[in-house]
Amino acid sequence: ETLYTPLDAARNVFFILEGQVRLLQVSTTGARRLLEILGPGDWCGMAALTGRTNYGEQAEAALPVTAIAIAAERFDQTLLGRPTAALQLIHQLAGKILNTNETSSGLVFDDCRARLTDTLRRLGESPAASRSGMNVVLRITHQQLAQAVGVARETVSLALSDLRRKGVLRTGRNQLTFDPSRLDETEVQESVGAN
């Protein structure tokens, strides 16, 4: 189910109570890029607060979702009566700005492998992930991961195969299992080997 599409009129902001929402950038050719995975306590539809006419992104429910839709024109009034929600929103938006800056610089400075490990680490803290001891179990397809990294699916599959051979992660049907500290170790080994 889709909460909104890129061309939908940006009228509402959504607060997610339950479930999982995936934000996607969709090109005019239909190509998709995974931007973010959201869960309970997250907001989406921020384009409605900027005066833009359309959302410019797609929000899809990956699991059954319960969300509150707040009309943009009522949003400021709603937050005035809920200072805790306003602070939560400010903190979330500040985090999104930092993540966007890091992702943007990664596209310029990092190779595919570094972008992949950064993306795995980031998604490992998202609602698409769960913990199993020291490991993170990430429920995502190779195609969705490729969209998030910004490379072809085949490139991600090759990099994942290499990480699997090195014992850094395990793959299963639409899921990856890894220890985040092993990603860090591998990244350090790769950078030492390159120097």
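## A tour of the sheet and the pocket

Start by selecting strand E2, residues 12-18, together with E5: the two run antiparallel and are joined by two bridges. Keep in mind as you go that this is a predicted model.

Next, put sticks on Phe-15. Which residue of E5 stands opposite this one? You should find Trp-43 there.

Now add strand E7 (66-71) to the selection. With E7 shown, you have an open sheet of three strands in the order E5-E2-E7, and the pairing is antiparallel. Look at the two edges: E5 and E7 stand there with a single partner strand each, so one side of each has no neighbour in the sheet.

Then bring in helix H1, residues 72-80, which packs on the sheet. H1 touches E2, E5 and E7, and its direction makes about 100 degrees with that of E7.

Time to leave the sheet for the largest pocket, which holds about 930 Å³ of space. To centre your view, select Leu-23, Leu-35, Glu-36, Lys-96 and Thr-100: of the 34 lining residues, these are the closest to the pocket's centre.

Colour by element next. Strands E3 (21-26), E4 (32-38) and E5 (43-44), along with helices H2 (83-109) and H3 (112-123), each give two or more residues to the lining. Which element gives the largest share? Select H2, which supplies ten residues.

For a last stop, recolour the lining of the largest pocket by residue class: 15 residues are nonpolar, eleven are polar and eight are charged.

Definitions and conventions. Residues numbered from 1 in each chain as written. Predicted model: local features only at pLDDT ≥ 70, side-chain atom pairs only at ≥ 80, totals over all residues. Heavy atoms only, no water. 1 Å grid on protein atoms, 1.4 Å probe; cavity = no way out; pocket = protein on both sides within 12 Å on 5 of 7 lines; lining within 4 Å. Points joined across faces, edges and corners; volume = space filled by probe spheres on them. Helix = DSSP H or I, 4+ residues; strand = E, 2+ residues; numbered from the N terminus. Nonpolar A, V, L, I, M, F, W, Y, C, P; charged D, E, K, R; others polar. Pairing = 2+ DSSP bridges. Contact = heavy atoms within 4.5 Å. Axes fitted to C-alpha atoms, helices over the stretch in contact; angles between N-to-C directions.
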